[in-house]
Amino acid sequence: MVSQVGAAKDAAGWIYEFTLTAGPGHSVALAGSFNDWDPELLPMAYSPETSAYGCTIHLAPGTYEYKFVVDGEWKLDSNNPNFAPNDLGTLNSVLVVESK
């Protein structure tokens, strides 16, 4: 799941929190067009309070595609109904960051 953090905006753009509900003990990362699809750049930390993995990033206005990487398996964001086909014949989740 992805959500904008309140009205939080700084010089780098809007602040977004990405979360994935899963039990402890997994290797979870976020990869997308905002980090050249490199899952090593955005590992997600597990929170026992929410039983979810999460990370927060700054995004400038634009359209971004992304996936979660869980134990090496690339997964769509099942809580995001927006997706687009990719060059590998699968789908990517899509996030549109507005300028306002």
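**View 1. A nonpolar patch on the surface, made by L76, F83 and L91.** Welcome to this predicted model. Our first close-up shows three nonpolar residues, L76, F83 and L91, which together offer about 250 Å² of accessible area. To find F83 in the fold, look in strand 8, which covers residues 83-85.

**View 2. The salt bridge between K75 and E73.** Side chains of opposite charge can pair when their charged atoms come close. The structure holds 1 salt bridge, and here you can see the two partners, K75 and E73, with their closest N and O atoms 3.8 Å apart. That distance qualifies because the cut-off for a salt bridge is 4 Å. How buried or exposed is each partner? K75 is partly exposed, at a relative accessible area of 33%, and E73 is partly exposed as well, at 48%.

**View 3. F34 and Y64, a tilted aromatic pair.** A pair of aromatic rings is described by the distance of the centres and the angle of the planes. The count for this model comes to 6 aromatic pairs. In one of them, F34 and Y64, the ring centres lie 6.1 Å apart and the planes meet at 55°. Angles over 60 degrees would count as edge-to-face and those under 30 as stacked, so this pair falls into the tilted class. F34 sits in the loop between strand 3 (28-32) and strand 4 (45-47), while Y64 belongs to strand 6 (residues 62-70), so the pair ties together parts that are 30 residues apart in sequence. Y64 is buried, with a relative accessible area of 13%.

**View 4. Y66 and F68, an edge-to-face pair.** Here the ring centres of Y66 and F68 are 6.0 Å apart, and the planes stand at 80°, so the arrangement is edge-to-face. Y66 is buried, at 0% relative accessibility, and F68 is buried too, with a relative accessible area of 0%. Take a step back and you will find Y66 and F68 in one aromatic cluster with F18, F34 and Y64.

**View 5. The surroundings of M44.** Where does M44 lie? Its place is in the loop between strand 3 and strand 4. M44 counts as buried because its relative accessibility is 7%, under the 20% cut-off. Leaving aside residues up to four places away in sequence, M44 touches F18, T19, L20, V28, A29, L30, Y53, G54, C55 and F68. For a distance to check on screen, try M44 to V69: they are 25 residues apart in sequence and 9.6 Å apart in space, C-alpha to C-alpha.

Definitions and conventions
Residues are numbered from 1 along each chain as its sequence is written. This is a predicted model: local features need pLDDT of at least 70, side-chain atom pairs count only at pLDDT 80 or more; totals for chains, interfaces and linings use all residues. Side-chain values use heavy atoms; hydrogens and water are left out. Patches are made of residues with over 30% relative accessible area and no salt bridge: like charges are joined within 9 Å, nonpolar side chains (Val, Leu, Ile, Met, Phe, Trp, Tyr) within 5 Å. Accessible areas come from the Shrake-Rupley method with a 1.4 Å probe; for residues, only the protein chains shown count as cover. A salt bridge is a side-chain nitrogen of Lys or Arg within 4 Å of a carboxyl oxygen of Asp or Glu. Helices (H or I, at least four residues) and strands (E, at least two) are DSSP runs, numbered from the N terminus. Buried means under 20% relative accessible area, exposed over 50%, partly exposed in between (1.4 Å probe, protein chains only). Rings of Phe, Tyr and Trp (its six-membered ring) pair if their centres lie within 6.5 Å; planes under 30 degrees apart count as stacked, over 60 as edge-to-face and the rest as tilted. Contact means heavy atoms within 4.5 Å.
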